[in-house]
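Work through the exercises below with the structure open beside you. Each task is followed by a solution in steps.

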Amino acid sequence: MAEREQIKKTATARTETQTEEAAPASTEKGDKLKAELDELLDEIDEVLDENAEEFVRAYVQKGGQ
Amino acid sequence: MAIVKVLGLETEYGIIIRGSADPNPIAASSALINAYVAELARRVAWDFEDESPGRDARGFAREGSMPPEVETHLVNAVLTNGARYYVDHAHPEYSTPECANAMDAVRFDKAGERILARSVIAAGRFLPPGHSMVVLKNNSDGKGNSYGTHENYLMDRSVPFSRIVQRVIPHFVSRQVFTGAGKVGSEASSTLGMDVTFQLTQRADFFEEEVGLETTLKRPIVNTRDEPHCDAQKYRRLHVIVGDANLSEISSFLKVGTTALVLSMIEDDWFARAGRGDFTLADPVIAMRRVSYDLSLTRPLELADGRRMTALEMQWEHLDLARKYAEDRGLDSVGGEEIGRDILHRWEHALGALESDPMSLATTLDWVAKYRVINGYRERHGLSWRDPKLAAMDLQYHDVRPEKSLYERLGIERLLTEESVLAAMTEPPTTTRAYFRGKCLERWGSQVAAANWDSLVFDLGTDPLRRVPMMEPLRGTAAHVDALLRDCHSPAELLARLGT
């Protein structure tokens, strides 16, 4: 996720909890998130629409505010 | 002192009938709502326990099904929860009842999703075999057509509109970092020279003016519609059209909670008093897109006074001012201490996490959740961002059918119990005039000739129609009228007691 690596800290006044939360995620935590995402992607394959292309093409919504 | 920010959300849902050669969205929207209303009239139990979440709506189509004799005239239903459910343009639209705080607004908006899901099942019974109805709570078809999610906030009429415009635009532009529902690609004619594969919001592509009356063309960041639906001498209803439809309760809560707080601060002229509250943008229309296109959340925006500030920095400034405001003026205008503190706390948490590790909000905010799953899928299968599978996932995130919704699969944190959401499908909020509307409809629905936001009209069969005005959004609450309603056994008695 290239976007994540681009994040730079900005220097604005914060409360203390913010400083703690600003600590970078540990590798261990990163691995756990990756495993969770993998599991999620396995599950999601089952619910994804089979005719994705047809649905995307047909989905036209005119006349909205 | 700032007045209580009575608020509500209106959502136009996307709708399509799959399998139909000629999908007429107006007829489909009418059929959808009529099917729901007809089901209510038959008093069918609508316990979700009865449903099988894994079942496709098509599964409910009867063998040799009944001819589609559903009424397709334009519908305008008012529900016993005080909400309005109707066909607007070519979309089914659900407007929450008036709520007295952000948490109730999220609850009644979520109840709307359940009502739409229930409607899809009800309408499915009338569809020919091979057809199915898909309803999405999003704001764009991915082809340049948008439909809105509007927020409404009660404001003091005496506040100069120019002050509202000046002070609220920076918030509308910068709040996108947590309000966005995420979108694959861009539909704008110009993407400001950026390659937009995924952006924070559904709506930013569609804003072309700073201020104006339009809602369908040349959409303005601040909409000037002046239709208060209450005492126009005292109040204004700020009609906000820049927001996304949220599925995440936390995104939704932050959207309306922070905005209610910022509007209170504007009413009390807090930005001017603080002396450092001028965040006027050099070009707000461009800034809307710049913020939405910047997944790194680090690109600065230009201010009119020459300063540069990122959307996150601008939000930190707003939070800081809001905290001081809360200390000095209290939080009554946003629903009291408990809810007000919750808004401030969640606001701070979201900004801190967005700054340090946005992906840590993958089970908190809509755009992060959507980005994580779609980008993960893209990487796993080596797809281009233009692959229609990813566009389909984007749409499917918003499907109101729980068994189809991608949002429902992502384990996103909730603020509300499902029980309280299901109750809100039929029970009105207790702390606004919606209570009186909802309870009268529940008890004497057949004798209510018309229900509007600011009045109820009774047809007693003999007299001329009798109108009960409801010009004060905070009157007609459970505390005001419960005893009265309990004592009355007919609308005639109620009208006599009210002296109308």
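**Exercise 1: The interface of chains B and A**

Between chain B and chain A an area of about 4,700 Å² is buried, and carbon and sulfur atoms give 56% of it. The model is a predicted one.

Task: Find how many residues of each chain are in contact, and which residues of chain B lose the most area to chain A.

Solution.
1. On the side of chain B, 61 residues are in contact with 43 residues of chain A.
2. Arg18(B), Arg372(B) and Arg380(B) lose the most area to chain A in chain B, together 14% of what that side buries.

**Exercise 2: Polar links and the elements behind them**

Task: Count the salt bridges and polar contacts between chain B and chain A, then state which element of chain B gives the most residues to the side that touches chain A.

Solution.
1. The count of salt bridges between the two chains is 4.
2. Arg18(B) forms a salt bridge with Glu54(A), with the closest N and O atoms 2.9 Å apart.
3. Polar contacts between chain B and chain A number 19 residue pairs, both residues being at pLDDT 80 or more.
4. Elements of chain B that each supply at least two residues to the side touching chain A include β2 (14-18), β6 (132-136), α8 (311-329) and α9 (337-356). Also among them are α10 (366-381) and α11 (388-397).
5. With 9 residues, α10(B) gives the most to this side of chain B.
6. Sorted by class, the side of chain B that touches chain A has 21 nonpolar, 20 polar and 20 charged residues.

**Exercise 3: Two helices of chain B**

Task: Decide how α3(B) and α7(B) are oriented to each other, and which residues meet.

Solution.
1. Helix α3 (residues 161-174) of chain B packs against helix α7 (residues 284-293) of chain B at an angle of about 25°, and their axes are 8 Å apart.
2. Angles under 35 degrees count as roughly parallel, so α3(B) is roughly parallel to α7(B).
3. From α3(B), Ile169(B), Phe172(B) and Val173(B) meet Pro284(B), Ala287(B), Met288(B) and Val291(B) of α7(B).
4. By class, this contact has 7 nonpolar, no polar and no charged residues.

**Exercise 4: A salt bridge within a helix**

Task: Locate the partners Asp104(B) and Arg107(B) in chain B.

Solution.
1. Both residues lie in helix α2 (residues 102-124) of chain B, 3 residues apart, about one turn of the helix.
2. Their side chains meet in a salt bridge, 3.2 Å from N to O.
3. Over all chains, the structure holds 45 salt bridges.

**Exercise 5: A loop residue**

Task: Place Asp454(B) in chain B and list what Asp454(B) touches.

Solution.
1. Asp454(B) is in the loop between β15 (448-451) and β16 (455-458) of chain B.
2. Leaving out residues up to four places away in sequence, Asp454(B) touches His229(B), Cys230(B), Arg433(B), Val468(B), Pro469(B), Met470(B) and Met471(B).

Methods. Residues numbered from 1 in each chain as written. Chains lettered and ligands numbered in written order. Predicted model: local features only at pLDDT ≥ 70, side-chain atom pairs only at ≥ 80, totals over all residues. Heavy atoms only, no water. Axes fitted to C-alpha atoms, helices over the stretch in contact; angles between N-to-C directions. Helix = DSSP H or I, 4+ residues; strand = E, 2+ residues; numbered from the N terminus. Parallel < 35°, antiparallel > 145°, perpendicular 65-115°, else oblique. Contact = heavy atoms within 4.5 Å. Nonpolar A, V, L, I, M, F, W, Y, C, P; charged D, E, K, R; others polar. Buried area = accessible area lost by both parts, 1.4 Å probe. Polar contact = N/O pair within 3.5 Å; in protein donor to acceptor, adjacent residues only side chain to side chain.
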